[in-house]
Amino acid sequence: MDCRPFFFKKFGMFHHRSTMRVGTDAVLFAQWVDVVSSDNALDIGTGSGIIPLILAQKGVGSVDAVELDSDSYEEANLNFSISVYSDRLSVVQNDVRDYAANNEKKYDLIVSNPPFYASDVKPIKAKKVMARHVSTLSFKDLIVAAKKMMKEDARFALVLPFYESRLFIKEAESLGLHLQKEFLISPIEGKEPNRVNMQFVFNEVESVETVLFTIRNKDYSYTEEYKEFLKDFYLDF
């Protein structure tokens, strides 16, 4: 196992023990999320802590993180403690449903890169797909927990595979959260999007802001928009 830290331009971090290692989904998502210095944010299922670290570099006021897995919790705690943003980051080991039930704190921004994966079969029966890929935390559980901890004008943002994102939008609408904007991510030029960044709010939205983003050109080189988007983080850009 490679235990060397992963280095970004302004911080380094360990991620070999975590359920969420450094990856394109998390980095793109964290860069996409809008933050302001007054935001008090929560990351649900932080893994190694990559999303809070990027949000901190972008200037977020503070980030609390919740992580159930013990190895991931310990690694995130280490990464936060050794970073230059340590005074703005904290992590607790808990199930987010329990955390929400026992916590009266309200947040301006809630983010999550939950452990839901795209189906390897055609989504003919949605219930079977959902049962296969939502292991311990259902979409409903996640939405209910997030809603309880959101301020009235808060944003709830997350990243999901494309098909699951369509299911999540319907579930969120039924529970009183409305899609405000989405970022459709295509892995290569000409391919359909396979990941979607989404942001939800309490108030109904007249029109959803939709952006299509492509990671690689047809020759598998990175697109200029991808390099420009992540130039503040990756050493190679």
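Here are some questions and answers about this predicted model.

User: Happy to start with helix 1: how many of its residues are buried?

Analyst: Helix 1 spans residues 24-32 and is mostly covered. The buried residues there are Ala26, Val27, Leu28, Phe29, Ala30, Gln31 and Trp32. Out of nine residues in helix 1, the number buried is seven.

User: At what angle do helix 1 and helix 2 pack?

Analyst: Helix 2 covers residues 50-57, and its axis lies 9 Å from that of helix 1. Helix 1 passes helix 2 in a right-handed crossing. The packing angle is about 35 degrees.

User: Which residues of helix 2 does helix 1 meet, and what classes make up the contact?

Analyst: From helix 1, the participants are Ala26, Val27, Phe29, Ala30 and Gln31. Their partners in helix 2 are Ile50, Ile51, Ile54 and Leu55. By class, the contact of the two helices comes to eight nonpolar residues, one polar and no charged.

User: Moving on to valine 35, is this residue buried or exposed?

Analyst: Valine 35 sits in the loop between helix 1 and strand 3 (40-44). Its relative accessibility is 19%, and the cut-off for burial is under 20%. Valine 35 therefore counts as buried.

User: Which residues does valine 35 contact, leaving aside neighbours within four places in sequence?

Analyst: One useful pair to look at is valine 35 and leucine 55, which are 20 residues apart along the chain. Their C-alpha atoms are separated by 7.2 Å, and Leu55 is one of the contacts of valine 35. The full list for valine 35 is Leu55, Lys58, Val60, Leu109 and Arg155.

User: What is the N to O distance in the salt bridge of aspartate 34 and lysine 181, and how many residues apart are they?

Analyst: The side chains of aspartate 34 and lysine 181 meet at 2.7 Å, N to O. This pair links distant parts of the chain, with aspartate 34 in the loop between helix 1 and strand 3, and lysine 181 in strand 8 (residues 178-188). So the answer is 2.7 Å for the distance and, along the chain, 147 residues.

User: Which residue of that pair is buried?

Analyst: Aspartate 34 has a relative accessible area of 45%, so it is partly exposed. For the other residue the relative accessible area is 9%, under the 20% cut-off. The buried one is lysine 181.

User: Where do aspartate 64 and lysine 105, another salt-bridge pair, sit in the chain?

Analyst: Their side chains meet in a salt bridge at 2.7 Å, N to O. The two residues are 41 residues apart and link distant parts of the chain. Aspartate 64 is in strand 4 (residues 62-67), and lysine 105 is in the loop between helix 4 (96-101) and strand 6 (107-112).

User: Which of these two is partly exposed?

Analyst: Aspartate 64 counts as buried because its relative accessibility is 12%. Its partner has a relative accessible area of 33%, between the 20% and 50% cut-offs. The partly exposed one is lysine 105.

User: How many salt bridges does the structure hold?

Analyst: Besides those pairs, glutamate 228 and lysine 231 meet in a salt bridge at 2.8 Å, N to O. There is also a network of salt bridges linking Asp95, Arg97 and Asp141. For the structure, the count of salt bridges is ten.

User: What span does helix 7 reach from its first C-alpha to its last?

Analyst: Helix 7 runs over residues 162-174, which gives 13 residues. At 1.5 Å a residue, the expected value is 18 Å, and the model is close to that. The span reached is 19 Å.

User: Which glycine takes a positive phi just after helix 7?

Analyst: Within helix 7, the buried residues are Glu164, Ser165, Leu167, Phe168, Ile169 and Ala172. Just after the helix, a glycine has a phi of about 95 degrees. That residue is glycine 176.

User: Which residue has a positive phi although it is not a glycine?

Analyst: The residue is found in the loop between strand 10 (209-216) and helix 8 (224-229). Its relative accessible area is 56%, so it is exposed. With a phi of about 75 degrees, the residue is tyrosine 220.

Terms used: Residues numbered from 1 in each chain as written. Predicted model: local features only at pLDDT ≥ 70, side-chain atom pairs only at ≥ 80, totals over all residues. Heavy atoms only, no water. Helix = DSSP H or I, 4+ residues; strand = E, 2+ residues; numbered from the N terminus. Buried < 20%, exposed > 50% of the residue type's maximum accessible area, 1.4 Å probe, protein only. Contact = heavy atoms within 4.5 Å. Salt bridge = Lys/Arg side-chain N within 4 Å of Asp/Glu carboxyl O. Expected span 1.5 Å × (residues − 1). Axes fitted to C-alpha atoms, helices over the stretch in contact; angles between N-to-C directions. Left-handed = near helix turned anticlockwise from the far one by under 90°. Nonpolar A, V, L, I, M, F, W, Y, C, P; charged D, E, K, R; others polar.
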